[in-house]
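User: I am new to this structure and should like to go through it step by step. Please explain the reasoning behind each reply.

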Amino acid sequence: MRRILLSGGVIAGTTAALALPGVASAEGAGSVTPDTVKPGGSVTFSTVCPDGVKSADVAGTVLGLAARIPMEASKTPGSFSVAVDIPVSISAGTFNVSIDCGDGSSSVVKLIVTPTGGVPTGGGSTARGPNRSLMAVGGGLLLVGAAGALFLRRRTV
């Protein structure tokens, strides 16, 4: 019975912890779509400001853009959005972009810029194709291990 009550308490606490931040930040909540982009790609920043706010903008300096990028009002009151082309010269990384409403409220969204081309990995031993000598040594070690296991098994039986 104690386990059931404890499990119920954990589930209720987790649900409240996940639900309350969403309720608390309903106004001034911003988003970026897609949240991962390559240099030269396009993203759309959106936000919902409190009632009566007539303007909103994106702080673009962190992305190498204009200091303030004005957002366009949508048909829904308090909703704003703007499409932005990410510069080709931007470095890969995670950028925290501020979206500011005209009343002074703001939100920060995370934009991830991925590197162009292949994944930046090291030049491991398989970078130049299979190494036959390493394969032979590994196969020999496997055979020695199997022979040792058979020897120990026969000895204990």
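Analyst: Strands here are DSSP runs of at least two E residues, numbered from the N terminus, and two strands pair if DSSP finds at least two bridges between them. The model is predicted. In this model, β1 and β3 (residues 42-48) pair in the antiparallel sense over five bridges.

User: Which residue in β3 stands opposite Val 32?

Analyst: Strands β1 and β3 are joined in the antiparallel sense by five bridges. Across from Val 32, the residue in β3 is Phe 45.

User: What is the order of the strands in the open sheet of four strands?

Analyst: The pairing in this sheet is antiparallel. β1 (29-33) and β6 (72-73) have a single partner strand each, so one side of each lacks a neighbour in the sheet and the two stand at the edges. The order is therefore β1-β3-β7-β6.

User: Which strands are at the edges of the open sheet of five strands?

Analyst: This sheet has mixed pairing and the order β2-β9-β8-β4-β5. An edge strand here pairs on one side only, and this applies to β2 (36-37) and β5.

User: How many bridges join β8 to β9?

Analyst: β8 (residues 93-101) also runs antiparallel to β4 (residues 56-59), to which three bridges join it; there Ala 56 stands opposite Cys 101. On the β9 side (residues 106-113) the strands again run antiparallel, and Gly 93 stands opposite Val 113. The number of bridges between β8 and β9 is eight.

User: Which residue takes a positive phi in the hairpin of β8 and β9?

Analyst: Most residues other than glycine have a negative phi, and most peptide bonds are trans. The hairpin has four residues between its strands, and the residue with a positive phi, near 100 degrees, is Gly 104.

User: Which two residues does a cis peptide bond join?

Analyst: The proline of this bond lies in the loop between β1 and β2. With omega at about -15 degrees, the bond is cis, and it joins Thr 33 and Pro 34.

User: Is Thr 47 buried or exposed?

Analyst: Thr 47 belongs to strand β3. A polar atom of the Thr 47 side chain lies 3.1 Å from the backbone oxygen of Ala 29. Its relative accessibility is 2%, and the cut-off is under 20%, so Thr 47 counts as buried.

User: Which residues are joined into one network by salt bridges that share partners?

Analyst: The structure holds two salt bridges. One is between Arg 68 and Asp 57, at 3.7 Å from N to O; because Arg 68 is in β5 (residues 68-70) and Asp 57 in β4, this pair ties together parts 11 residues apart in sequence. The other is between Asp 100 and Arg 68, with the closest N and O atoms 2.7 Å apart; as Asp 100 is in β8 and Arg 68 in β5, this pair ties together parts 32 residues apart in sequence. The network formed through shared partners consists of Asp 57, Arg 68 and Asp 100.

User: What are the relative accessibilities of Asp 100 and Arg 68?

Analyst: Buried means under 20% and exposed over 50%, with partly exposed in between. Asp 100 counts as buried, at 16%. Arg 68 counts as partly exposed, with a value of 43%.

User: Which element gives the most residues to the largest nonpolar core?

Analyst: This core has 23 residues, of which Val 43, Phe 45, Val 58, Leu 63, Met 71 and Leu 111 touch the most other members. Val 58 has contacts that include Phe 45, Met 71, Val 82, Val 97 and Ile 99. The elements giving two or more residues to the core are β3, β4, β7 (79-85), β8 and β9. With four residues, the element that gives the most is β8.

User: Over which residues does pLDDT stay under 50 with zero contacts beyond four places in sequence?

Analyst: The chain averages a pLDDT of 78, and 73% of the residues score at least 70. Over residues 12-27 the pLDDT is also below 50, but that stretch has three contacts beyond near neighbours in sequence. Where pLDDT is low, the predicted coordinates should not be read in detail. The stretch with zero such contacts is residues 5-10.

Definitions and conventions: Residues are numbered from 1 along each chain as its sequence is written. This is a predicted model: local features need pLDDT of at least 70, side-chain atom pairs count only at pLDDT 80 or more; totals for chains, interfaces and linings use all residues. Side-chain values use heavy atoms; hydrogens and water are left out. Buried means under 20% relative accessible area, exposed over 50%, partly exposed in between (1.4 Å probe, protein chains only). A polar contact is a pair of N or O atoms within 3.5 Å; within protein, one must be able to donate a hydrogen and the other to accept it, and residues adjacent in sequence count only if both atoms are side-chain atoms. A salt bridge is a side-chain nitrogen of Lys or Arg within 4 Å of a carboxyl oxygen of Asp or Glu. pLDDT is the predictor's confidence in each residue, from 0 to 100. Contact means heavy atoms within 4.5 Å. A nonpolar core is a set of buried Ala, Val, Leu, Ile, Met, Phe, Trp, Tyr and Cys residues joined through side-chain atoms within 4.5 Å.
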